[in-house]
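Grab a coffee and work through a few short exercises on the model below. Try each task by eye before you read its solution.

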Amino acid sequence: MSSQRLWGIVLGLFVLANVASGAAPRRPVDVPFGRNYVPTWAFDHIKYYNGGSEIQLYLDKSTGTGFQSKGSYLFGHFSMHIKMVPGDSAGTVTAFYLSSQNWEHDEIDFEFLGNRSGQPYILQTNVYTGGKGDREQRIYLWFDPTKEYHTYSVLWNLYQIVFFVDDVPIRVFKNCKDLGVRFPFNQPMKIYSSLWNADDWATRGGLEKTDWGKAPFVASYKGFHVDGCEASVADKFCNTQGMRWWDQKEFQDLDSYQWRRLQWVRTKYTIYNYCHDRVRYPNMPAECSRDRDI
């Protein structure tokens, strides 16, 4: 056997081994806003462009605005291309999240906290299970999110929730039900996004107030990708559970490259992680070890 052929076989086995150990989510498919979403409030503060393939949300002193998915989903992959409010956006919050509808609700949050000009945007993530949140993590982004569109995604299956920024995993929340930690698995969630004023807490803990002289504040969106198991709000399981691409073995954990990328984010850009907060949590939350947050 020639050395060239042998090298080809070894390389092929290496690739197969890495594919089997983990994989990136499927590429999002961009669609118009109206395919998957509807406005929810302040309809006149949403502007449509290019046949609805791009929209802008407006926030002024009178109101912000928002939209939600038409369907509810149990597991899947959900992403959005967003260009954040430019300039002095202190006090504003641009949110992209999933949430169920009942009192003990589940929720998966991206919240982008506005900044004074020249200061970095902060991305806060959170996971609510059974109505309990308080799992905040905050990072600085490694780019200016106001200059171009960037992609923010959630992969949610029975094994883990992964938050992605431009295909880079920035957070993982593992199913730790065996450790007594609730995990979102039986409450269908809608997808929401909104632009609103939160100057009582958003920027430097509420010290920086919204400068309404800079209004209107504008966040831009496109993509509107939804690939999930659609279910009624009363359903407790997905009728295709185990058969969808996100259920397969390669999506039950991050691969080694993804774990390295996540560690890069944690090391260089994380500014707050509830797992390290011994004032709020004298005893470390059970999920933190499995999520490799320590």
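**Exercise 1: The overall build**

The secondary structure of this protein comes to 4 helices and 15 strands, where helices (H or I, at least four residues) and strands (E, at least two) are DSSP runs numbered from the N terminus. Before you start: this is a predicted model, so local features need pLDDT of at least 70, side-chain atom pairs count only at pLDDT 80 or more, and totals for chains, interfaces and linings use all residues. Residues are numbered from 1 along each chain as its sequence is written, and side-chain values use heavy atoms, with hydrogens and water left out.

Task: work out how the radius of gyration sits against the globule rule.

Solution.
- Step 1: the radius of gyration is 20 Å, close to the 19 Å that the globule rule gives for 294 residues, so the protein is as compact as a globular protein of that length. The radius is taken over C-alpha atoms, and the rule is 2.2 Å times the number of residues to the power 0.38.
- Step 2: check the C-alpha trace, which spans about 75 × 50 × 45 Å along its principal axes.
- Step 3: look at burial. Buried residues make up 52% of the 294; buried means under 20% relative accessible area, exposed over 50%, and partly exposed in between (1.4 Å probe, protein chains only).
- Step 4: turn to contacts, meaning heavy atoms within 4.5 Å. Among those between residues at least 6 apart in sequence, 68% join residues at least 24 apart.

**Exercise 2: Cores**

Task: find which residues have the most contacts inside the largest nonpolar core.

Solution.
- Step 1: pin down the term. A nonpolar core is a set of buried Ala, Val, Leu, Ile, Met, Phe, Trp, Tyr and Cys residues joined through side-chain atoms within 4.5 Å.
- Step 2: the largest one has 65 residues, and Phe 110, Tyr 152 and Trp 156 have the most contacts inside it.
- Step 3: apart from that core lies another, of 6 residues, among them Val 93, Ala 95, Ile 122 and Ala 202.

**Exercise 3: Two strand residues**

Task: say whether Ile 55 and Thr 94 are buried or exposed, and list some of what they touch.

Solution.
- Step 1: Ile 55 lies in strand S3 (residues 54-59). Its relative accessible area is 0%, so Ile 55 is buried.
- Step 2: leaving out residues up to four places away in sequence, Ile 55 touches several residues, including Phe 33, Ile 46, Phe 67 and Tyr 221. Tyr 221 is 166 residues from Ile 55 in sequence, yet their C-alpha atoms are 5.3 Å apart.
- Step 3: Thr 94 sits in strand S6 (residues 92-99). At 0% relative accessibility, Thr 94 counts as buried too.
- Step 4: with the sequence neighbours up to four places away set aside, the residues that Thr 94 touches include Phe 110, Ala 219 and Tyr 221.

**Exercise 4: Backbone oddities**

Task: which peptide bond is cis, and where does Arg 204 sit?

Solution.
- Step 1: recall that most residues other than glycine have a negative phi, and most peptide bonds are trans.
- Step 2: the cis bond joins Ala 215 and Pro 216, with omega about 0 degrees. Pro 216 is in the loop between strand S13 (190-197) and strand S14 (217-231).
- Step 3: Arg 204 is in the loop between S13 and S14. Arg 204 is not a glycine, but has a positive phi of about 50 degrees, and is exposed, with a relative accessible area of 56%.
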